[in-house]
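Visitor: I am new to this structure and should like to understand the terms used to describe it. May I ask for the reasoning behind each one?

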Amino acid sequence: TIRLRVVNPNTTRAMTDLVGRSARAVAGPGVHVDAVQPTTGPASIESHYEEALAAVGVLEQVRLGEADGVDAYVVACFGDPGLDAARELARGPVLGVAEAAFHAATMVARRFSVVTTLGRTVGRAHELLDRYGFAGACAAVHACDIPVLALEDPASGALERVTAACRAAVEADDVDAVVLGCAGMAAFTDRISAAVGVPVVDGVAAATTFATALVRAGLRTSTRSEYAPPPSKPVAGVLGGFAIA
Ligand SMILES: NC(=O)NC1=NC(=O)NC1=O
């Protein structure tokens with residue numbers, strides 16, 4: 001059995017449960033999914049400040065996973081917080097949901113657009129598109145201006161508003177797929193795809209699919225240079241527990 005740990009980097013249990021369901025929906029037999037969240041950190045991540053705080057929580061959960069024999073990890077937040085640092089700690093593959101979603105979108109469509117939460121997170125999405133090499137395939141990143149924690153609130157009309165933003169993106173950008181720019185939108189995926197008539201990519205499902213595929217292919221994070229374990233060094237103060245022995 002492949003042991004997959006899906007890390008919700010924020011501390012909202014409802015979102016941890018949501019990403020766990022989304023991963024289990026595609027994981028299939030032979031894959032055990034653990035959905036976890038940090039013991040400390042922001043309730044949601046929609047700013048650079050919250051992303052920096054959440055990265056520590058991702059590392060906390062990856063350290064625990066390594067002690068537990070976890071085979072692969074998904075960082076289930078669209079900013080992919082702590083992804084590179086997590087790769088220095090993990091034996092197996094670590095995938096971010098933005099990274100995986102971009103790859104999946106280009107496997108089913110020539111070009112895609114992203115629909116994300118707050119406008120202030122659009123720049124981060126562009127950074128990740130550049131980092132992963134998909135800037136040329138992504139026509140635009142649109143914000144629907146719904147706060148992350150409002151996505152789960154039926155009164156927010158989030159499904160309708162995200163659907164409308166996806167439909168508008170397909171028409172305005174002339175793209176053939178849409179990437180949902182927040183793990184909190186995962187439950188909307190099938191309904192939006194049916195309504196808009198194009199593949200809609202949920203990064204949690206994509207990352208789960210690719211992470212387990214990598215494990216089956218015998219591929220693990222390289223330890224030669226950039227992702228080698230961090231050097232041993234004192235760590236002062238409240239983060240002292242993170243010191244590498
Ligand atoms: N673009 C986003 O707002 N992403 C996210 N914030 C969270 O707290 N989880 C996400 O997926």
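Visitor: Why is Phe78 counted as buried?

Guide: The model is a predicted one. Buried means under 20% relative accessible area. Phe78 has 8% relative accessibility, so Phe78 counts as buried.

Visitor: What makes Phe102 count as buried?

Guide: The relative accessibility of Phe102 is 0%. That value is under 20%, and Phe102 is therefore classed as buried.

Visitor: How many aromatic pairs does the structure hold?

Guide: The structure holds four aromatic pairs. One of them joins Phe78 and Phe102, with 5.8 Å from centre to centre and 85 degrees between the planes.

Visitor: Why is the pair of Phe78 and Phe102 called edge-to-face?

Guide: Rings pair if their centres lie within 6.5 Å, and planes over 60 degrees apart count as edge-to-face. With centres 5.8 Å apart and planes at 85 degrees, Phe78 and Phe102 satisfy both conditions, so the pair is edge-to-face.

Visitor: Which parts of the chain does this pair link?

Guide: The pair links distant parts of the chain, as Phe78 and Phe102 are 24 residues apart. Phe78 belongs to the loop between strand E3 (72-75) and helix H3 (83-89), while Phe102 belongs to helix H4 (residues 97-108). Ring pairs also bring Phe78 and Phe102 into a cluster with Phe112, Tyr132 and Phe134.

Visitor: Helix H4 also contains Glu99. Is Glu99 buried or exposed?

Guide: Glu99 has 10% relative accessibility, which is under 20%, so Glu99 counts as buried. Leaving aside residues up to four places away in sequence, Glu99 touches Asp80, Leu83, Arg87, Val94 and Tyr132.

Visitor: What is the order of the strands in the open sheet?

Guide: The open sheet has four strands in the order E2-E1-E3-E4, with parallel pairing. From one strand to the next, the twist averages 20 degrees.

Visitor: What makes strand E2 (31-36) and strand E4 (94-96) stand at the edges?

Guide: Each of these two strands has a single partner strand, so one side of E2 and one side of E4 are left without a neighbour in the sheet.

Visitor: How do you know that E3 and E4 pair?

Guide: Two strands pair if there are at least two bridges between them. E3 and E4 have three bridges, in the parallel sense, and therefore pair. Tyr73 has Val94 in E4 as its bridge partner.

Visitor: Which helix packs on the sheet?

Guide: Helix H8 (residues 203-216) packs on the sheet and touches strand E1 (2-7), E2, E3 and E4. The direction of H8 makes about 145 degrees with that of E1.

Visitor: Val36 lies in strand E2. Why is Val36 counted as buried?

Guide: Val36 has 14% relative accessibility, and since that is under 20%, Val36 counts as buried. Not counting residues up to four places away in sequence, Val36 touches Arg5, Val6, Val7, Asn8, Thr16 and Gln61. Arg5 is 31 residues from Val36 in sequence, yet their C-alpha atoms are 7.2 Å apart in space.

Visitor: Which element gives the most to the lining of the largest pocket?

Guide: Helix H2 gives the most, with four residues. The elements that give two or more residues to this lining are helix H2 (48-67) and H3. Among the lining residues are Ala55, Val56, Pro230 and Phe242. About 200 Å³ of space lies in the largest pocket.

Terms used
Residues are numbered from 1 along each chain as its sequence is written. This is a predicted model: local features need pLDDT of at least 70, side-chain atom pairs count only at pLDDT 80 or more; totals for chains, interfaces and linings use all residues. Side-chain values use heavy atoms; hydrogens and water are left out. Rings of Phe, Tyr and Trp (its six-membered ring) pair if their centres lie within 6.5 Å; planes under 30 degrees apart count as stacked, over 60 as edge-to-face and the rest as tilted. Buried means under 20% relative accessible area, exposed over 50%, partly exposed in between (1.4 Å probe, protein chains only). Axes are lines fitted to C-alpha atoms, for helices over the stretch in contact, and angles run from 0 to 180 degrees between N-to-C directions. Contact means heavy atoms within 4.5 Å. On a 1 Å grid over the protein atoms alone, a cavity is a set of points where a 1.4 Å probe fits but cannot get out, and a pocket is an open set with protein on both sides within 12 Å along at least five of seven lines; lining residues have an atom within 4 Å of a point. Grid points are joined across faces, edges and corners, and a volume is the space filled by probe spheres set on the points.
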